[in-house]
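Trainee: I should like to learn how to read a protein structure that is new to me. May we go through one together?

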Amino acid sequence: MITDARAPQRTATRRPSARAPRAATATPTADPPGEVRSTPRIVSAFRGVDGKLHHSRCGRPIELVGVRGGIELDFRCIGCWEHVTLTQAALARVPVGRE
Ligand SMILES: [Zn+2]
């Protein structure tokens, strides 16, 4: 009898908590009219004076090692071997010079 009494309570408490994130995510997507959402700044890489892409952390060039899904470009730093991923769209927004 105790188990039967708890089961409906768990179901009842899950439903409102599952709906709460939906209501919360609906609010931020409503941008003010005329407001242009800024794109995130690229911080993992920069374009050097030589025109090549460089790793922001160590400053060494990064080399293209592959493409995933036709949109994500995988690079590997020749200095520290860290993996850097950029989308093709983000490639045009890579800042020139190290910040
Ligand atoms: Zn590096």
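Mentor: Let us begin with the order of the elements. From the N terminus onward, the protein runs α-β-β-β-β-β-α. Please bear in mind that this is a predicted model.

Trainee: How many helices and strands are there in the protein?

Mentor: The protein contains 2 helices and 5 strands.

Trainee: How do strands come together, and which strands form the open sheet here?

Mentor: Strands of a sheet pair through backbone hydrogen bonds, in either a parallel or an antiparallel manner. In this model, 3 strands form an open sheet in the order S3-S4-S5, with antiparallel pairing. Its edge strands are S3 (62–68) and S5 (83–87), each of which pairs on one side only. From one strand to the next, the twist averages 30°.

Trainee: Over how many bridges do S4 and S5 pair?

Mentor: Strand S4, residues 72–77, pairs with S5 in the antiparallel sense over 5 bridges. Within this region, Phe75 stands opposite Val84 in S5.

Trainee: Turning to a single residue, is Ala89 buried or exposed?

Mentor: The general approach is to count neighbours: a residue with 12 or fewer other C-beta atoms within 10 Å is exposed. Ala89 counts as exposed because it has 9 C-beta neighbours inside 10 Å. Ala89 is located in helix H2, residues 88–91. Its C-alpha lies 8.0 Å from that of Ile71, although the two residues are 18 apart in sequence.

Trainee: What percentage of the protein's residues are buried?

Mentor: Of the 99 residues in the protein, 9% are buried.

Key. Residues are numbered from 1 along each chain as its sequence is written. This is a predicted model: local features need pLDDT of at least 70, side-chain atom pairs count only at pLDDT 80 or more; totals for chains, interfaces and linings use all residues. Helices (H or I, at least four residues) and strands (E, at least two) are DSSP runs, numbered from the N terminus. A residue is buried if 20 or more other C-beta atoms lie within 10 Å of its own, exposed if 12 or fewer, and partly exposed in between; C-beta atoms are placed from the backbone. Two strands pair if DSSP finds at least two bridges between them. Axes are lines fitted to C-alpha atoms, for helices over the stretch in contact, and angles run from 0 to 180 degrees between N-to-C directions.
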